[in-house]
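I sat down with this one to look up its charged pairs and its metal site. Here are my notes, in the order I made them.

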Amino acid sequence: MISKEENKLLTRTGPGTPCGELLRRYWQPVALSEELPVGGAPLSVRMMSEDLVLFRDDGGRIGLLGIHCSHRGTDLSYGRVENGGLRCLYHGWLYDIHGRCLEQPGESGGGENRDQIRHRAYPCKDVAGAIFAYMGPGEPPLLPNYDFLDASRDHLYVSKIFHECNYLQANEGNIDPVHLSFLHRFLENQDGRYRGVRGADESHYNLVARNSAPLLDVELTTFGARIYTVRKLENDRQYLRVSCFVMPNLSAFPGQTGGEGYSVNWHVPIDDTHHWKYTFIYSAGAPLRKDLVNRERSELGPDYRLIRNEANRFLQDRDAMQSKTYAGMGSGFQAHDAFATASQGAVQDRSEERLVSSDKALVAARKLMEKAIRDVQEGKDPLHVIRRASENRFPHFMVISDMIPSDSDWRQYAKNLEAEARAKI
Ligand code: FES
Ligand SMILES: [Fe+2]
């Protein structure tokens, strides 16, 4: 449980709020690349309660500007893309991607004072199928050099999903490994499905159903926290999963490519009661399997909204709960997670929660966030803001889904894998 004040501190992300200031110190996904094709229309986007327009100029450069024209506030997302910028339809002012006003064609002489206009503008990068923006002050930090952001397109699936709740509770779901044994449980054998565990002869889904009270441990790192989940199983085996909480609003976990890759959920506030979950599914080994990609897509309708949603009670089927799935909400996990987190409330009231020992990862993550908020308030860079190329390497960003002998020291096992990864760079 945390106080109502702490809850506000961690969940309010509009301009000028402490957490909003923290999130703005990092590059954040603002759209999918597929939403902004070359020659396409500008896109109206809302990020952390700011209304913005994302566009590609006629040279292909990406700009993110305040949506209301600096002149008299007309919506720039309806504007014309031409002459090196975005032109407002009302009186023709033209802005470039840096927010400079290039033309004021309704003024004699083209607008003598137009150079004084500094329209709100944020730098953008198009990387790995997503467009990232830096909305903070000063020099932008480096975009973290995670492996998944460098993957070729046949090894990476990228999409986003609309969530009707605050970003924080959904990210807390990613670092809560116990829910895998319940919310996502199948009642039928899943050996036909992707196994997802290195060294195992059966599916991850069967394994998590057999031990629903795993041992949990949390280790702090330079990017956030690493979460160890150990499930002791019969036949002298233990199932080790390692996932990561990455400051300030994303997580990496084994997911559907466990054993040979990982998934990342990156929760970007639209405002305090809605957010986009950017999903990256990465395979480090073989190209991504088509059936996996198709299953992900099949959960989404137009506009990146889930087909199963609150309005239709996630199409819950009580008969299916007897024989097929624990939740009766189909076999896709995105709907399960959307149900569990959105139904906590638009902003979960954490002063009413009763945490238990298996919630230790999310407690650690909240403490990291609170410390980072204080650091920003004191004028310091918060954890995982990267300025130097030598720091922009992540061999310790490890996601593990491995079956190991029960007498094996799982912490040492993970350390050995980390040492191997460090030796490769
Ligand atoms: S309101 Fe945009 S040019 Fe006048
Ligand atoms: Fe989940």
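I count a salt bridge when a side-chain nitrogen of Lys or Arg lies within 4 Å of a carboxyl oxygen of Asp or Glu. With that in hand, I found Asp217, Glu219, Arg226, Arg411, Glu418 and Arg422 linked in a network of salt bridges. The structure holds 34 salt bridges.

A note on my ground rules: this is a predicted model, where local features need pLDDT of at least 70, side-chain atom pairs count only at pLDDT 80 or more, and totals for chains, interfaces and linings use all residues. Residues are numbered from 1 along each chain as its sequence is written, and side-chain values use heavy atoms, with hydrogens and water left out.

Next I looked up Lys380. Its side chain meets that of Glu378 at 3.0 Å, N to O, and that of Asp375 at 3.7 Å, N to O. For burial I use relative accessible area with a 1.4 Å probe, protein chains only: buried is under 20%, exposed over 50%, partly exposed in between. Lys380 is partly exposed at 43%, Asp375 is buried at 9%, and Glu378 is exposed at 52%.

Then I turned to the metal. Which residues coordinate the iron ion (ligand 2)? I found His179 (NE2), His184 (NE2) and Asp337, the last through two OD entries, at 2.1 to 2.7 Å. Donors here are N, O and S atoms within 2.8 Å of the metal (3.2 Å for Na, K and Ca); water is not among the atoms, so sites may look incomplete. I also noted that His179 and Asp337 are buried.

How values were computed:
Chains lettered and ligands numbered in written order.
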